[in-house]
Amino acid sequence: MDVVNQLQRQFIDYSASLHREGFLDDQFTQLQKLQDDNSPDFVVEVASLFFEDCEKLINNMARALEQQQGVDFKQVDASVHQLKGSSSSIGAMRVKDVCIAFRSFCEAQNREGCLRCLQQVTHEYSLLKNKLQTLFRLQQQILAAGGSIPVVE
Amino acid sequence: MSGNGASSSSLNMISGEDVVNNNLTALVVDDSPLLRLLHEIHLKKYGLKVQVAENGKVAVDLFHLGASFDLVLMDKEMPVMNGVEATKELRAMGVTSMIVGVTSKDGPGEQQAFMEAGLDYCFEKPLTPEIISILLEELNKHNKKD
């Protein structure tokens, strides 16, 4: 029981830090509340779809921005727009915020600005992926120890 | 309040915590697998039977094949057939389902253009549990009148 309490405490503290540092917003909490016995892996499934989305869209953006003869900024913007939507849906606040700035550079057809944003969004995505994977590992440890996952408001 | 083209601001803000209906059906139309899953789980929580479609053409084809849904959640930007085109086509077919547009927060005219295609309501994505429960309240009231 003590082990479960410790793990739950770690989970709560880690979740709180992700919110405090701006990695996640309330939308992620709403996702956690949707998880129940009928959909026990819902949050992990949503996160996996988000990771797939991110990787595909970041690759699309990179390819479009590599075009030396002429960047199709509408194509870049379309990918950023999708990524912004996905990141909003999962509560990935820092990724979403970079997308907002990224779209401005697309609109201004500023390739250098876009490249900087691409670098930033790649960095933020990697950070978030690592942190969510840590969070999910903690969840697994709690469940393996016979405990339940606390929902952090 | 009901009927095509009503604005989102005309909804009554009724508490919908206990709106659970096992008779309603919904179609989630979105090219994002993440958004499809998200909205599907949201709606299933309220007891709806949910199908998904990855673009507007798939949604229109479902209706052509005789499917019917009480509620359609329609994304705006989709390949093959976007939400505006799909909504226009569904209304032209005589579909009277509640069609709710889901958009990103971009451009002042984005929601207006989508509403004019024949939506009942239009909201920013993702839909929150509060908005979903309000929509279901409206749907239940609308169905009781029929």
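What follows is a conversation between a trainee and a mentor about how the descriptions of this predicted model are reached.

Mentor: This is a predicted model, in which local features need pLDDT of at least 70 and side-chain atom pairs count only at pLDDT 80 or more, while totals for chains, interfaces and linings use all residues. Residues are numbered from 1 along each chain as its sequence is written, chains are lettered from A and ligands numbered from 1 in the order in which they are written, and side-chain values use heavy atoms, with hydrogens and water left out.

Trainee: Which elements make up chain A, and what makes a stretch count as a helix or a strand?

Mentor: Helices are DSSP runs of H or I with at least four residues, and strands are DSSP runs of E with at least two, numbered from the N terminus. Chain A has six helices and zero strands, so its order from the N terminus reads α-α-α-α-α-α.

Trainee: Why is A:Cys106 called buried?

Mentor: Buried means under 20% relative accessible area, exposed means over 50%, and partly exposed lies in between, with a 1.4 Å probe and protein chains only. The relative accessible area of A:Cys106 is 3%, and therefore A:Cys106 is buried. A:Cys117, at 3% relative accessibility, is buried by that definition too. Over chain A, buried residues make up 48% of the 153 residues.

Trainee: How do you know how many disulfides the structure holds?

Mentor: A disulfide is a covalent bond between the sulfur atoms of two cysteines. Here it is recognised as a pair of cysteine sulfur atoms within 2.5 Å, and the structure holds zero of them over all chains. For A:Cys106, the nearest cysteine sulfur is that of A:Cys114, 3.9 Å away, so A:Cys106 is in no disulfide. The sulfur of A:Cys117 has its closest cysteine sulfur in A:Cys114 as well, at 6.6 Å, which is too far for a bond.

Trainee: What makes the phi of A:Gln109 worth a remark, and is A:Gln109 buried or exposed?

Mentor: Most residues other than glycine have a negative phi, and most peptide bonds are trans. A:Gln109 is not a glycine, yet its phi is positive, at about 55°. A:Gln109 lies in the loop between α5 (93-107) and α6 (111-144) of chain A, and because its relative accessibility is 55%, A:Gln109 counts as exposed.

Trainee: Which residue of chain B, not a glycine, has a positive phi, and where does it lie?

Mentor: B:Val80 has a positive phi of about 70° and lies in the loop between β3 and α3 (83-92) of chain B. Its relative accessibility is 65%, so B:Val80 counts as exposed.

Trainee: What do we know about B:Asp75, and why is B:Asp75 called buried?

Mentor: An unreviewed UniProt entry lists B:Asp75 under "modified residue: 4-aspartylphosphate"; UniProt positions are given in the numbering used here, feature names are shortened, and annotations may be inferred rather than shown by experiment. In the model, B:Asp75 is found in strand β3 (residues 71-75) of chain B, and its relative accessibility of 2% is why B:Asp75 counts as buried. Contact means heavy atoms within 4.5 Å, and, leaving aside neighbours within four places in sequence, the contacts of B:Asp75 include B:Asp30, B:Asp31 and B:Lys125.

Trainee: What kind of peptide bond joins B:Lys125 and B:Pro126?

Mentor: B:Lys125 and B:Pro126 are joined by a cis peptide bond, with omega about -10°, and B:Pro126 has its place in the loop between β5 (121-124) and α5 (129-145) of chain B.
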